[in-house]
Amino acid sequence: MVRSVRGKTIRGGGERGDAWHKAAMRDKRQVSYDDFIAVTESLIRIGFTSPAKLGVFGSSIGGLLAATLGTERPDLCGAVVSDVPLTDMLRYPEMGMGAAWMDEHGDPKDPKYQPVLRSYSPFHNVKEGVKYPPFFIAVSSQDNRVGPGHARKLAARLEQVHAPVYFFEDSEGRHGVSDALERPDLMALRMTFLINNLMGGH
């Protein structure tokens with residue numbers, strides 16, 4: 001059976017109030033990923049699932065989460081779906097609306113935040129010789145919120161190290177290409193990818 005983990009169990013979102021959100025802002029961002037890793041490790045430890053059966057699926061900031069887990073802890077999952085993601089955290093203010101998010105993530109030109117951003121930036125943490133799970137990365141050419149450059153760069157970097165990566169770029173849809181209700185065809189591609197990789201495809 002394929003299992004899923006909801007991102008609301010990690011710090012950084014707004015669903016549990018301001019303090020929950022601020023606990024993972026700027027130089028504290030790694031705690032959000034550490035929370036997700038801790039939940040994932042716990043599920044594996046108690047036998048609820050196994051890395052080969054566990055998939056990570058996120059869009060936008062969730063796409064950053066998915067890509068971060070896949071590059072930071074590739075041993076923990078069997079497939080990664082990263083939709084319209086941020087992936088280059090050293091150049092994000094220069095793409096799409098990224099400059100508006102510096103209060104959230106920190107300024108990569110600031111010596112205080114640059115090493116923090118680099119430490120989890122998916123694009124910068126893809127390495128030669130590492131076995132990565134299959135990635136499915138989707139974006140729209142018209143995405144003016146995040147910008148398609150993030151997805152393109154991560155896909156190209158994964159391909160460069162011979163990691164299994166599937167890249168889908170639509171010419172329409174903007175940032176909303178990640179909306180499952182608006183794009184059931186793209187959702188079908190995502191689900192097919194996850195089923196093939198988590199239920200006996202590899």
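This is a short tour of a predicted model, with a sheet, some salt bridges and one threonine as the stops.

**Stop 1: the sheet**

Start by colouring the strands. You'll find four of them in an open sheet, lined up as β1-β2-β3-β4 and paired in parallel. Strands in a sheet pair through backbone hydrogen bonds, and that pairing can be parallel or antiparallel. Now select 55–59 and 165–170: these are β1 and β4, the edge strands, and each has a single partner strand, so one side of each has no neighbour in the sheet. Look along the sheet and you can check how neighbouring strands turn against each other: 10° on average, ignoring direction.

Next, zoom in on residues 135–140, which make up strand β3; six bridges join β3 to β4, and the two run parallel. Which residue in β4 stands opposite Val139? Click across and you land on Glu169.

**Stop 2: a buried salt bridge**

The structure has nine salt bridges in total. Select Arg190 and Asp83 and show their side chains: they meet in a salt bridge, 2.5 Å from N to O. Arg190 belongs to helix α7 (residues 184–198) while Asp83 sits in strand β2 (residues 79–83), so this pair ties together parts that are 107 residues apart in sequence. Are these two buried or exposed? Turn on the surface: Arg190 is buried at 0% relative accessible area, and Asp83 is buried at 0% too.

**Stop 3: another long-range link**

Hop over to Asp88 and Lys153, a salt bridge whose closest N and O atoms are 2.4 Å apart. This pair also connects distant parts of the chain, 65 residues apart: Asp88 is in the loop between β2 and α4, and Lys153 is in helix α6 (residues 149–160). The two ends don't share a label here, though. Asp88 is buried, with 1% relative accessibility, whereas Lys153 is partly exposed at 22%.

**Stop 4: a pair and a network**

Now pick Glu94 and Arg91, whose side chains form a salt bridge of 3.1 Å, N to O. Arg91 counts as partly exposed, with a relative accessibility of 36%. Then select Glu41, Arg73 and Asp75 together: salt bridges link them in a network.

**Stop 5: Thr68**

Keep Arg73 on screen and add Thr68, which lies in helix α3 (residues 61–72). What does Thr68 touch, leaving aside residues up to four places away in sequence? Show Tyr33, Arg73, Tyr120 and Pro122, and you have its contacts. Thr68 is buried, at 1% relative accessibility.

Definitions and conventions: Residues numbered from 1 in each chain as written. Predicted model: local features only at pLDDT ≥ 70, side-chain atom pairs only at ≥ 80, totals over all residues. Heavy atoms only, no water. Salt bridge = Lys/Arg side-chain N within 4 Å of Asp/Glu carboxyl O. Helix = DSSP H or I, 4+ residues; strand = E, 2+ residues; numbered from the N terminus. Buried < 20%, exposed > 50% of the residue type's maximum accessible area, 1.4 Å probe, protein only. Contact = heavy atoms within 4.5 Å. Pairing = 2+ DSSP bridges. Axes fitted to C-alpha atoms, helices over the stretch in contact; angles between N-to-C directions.
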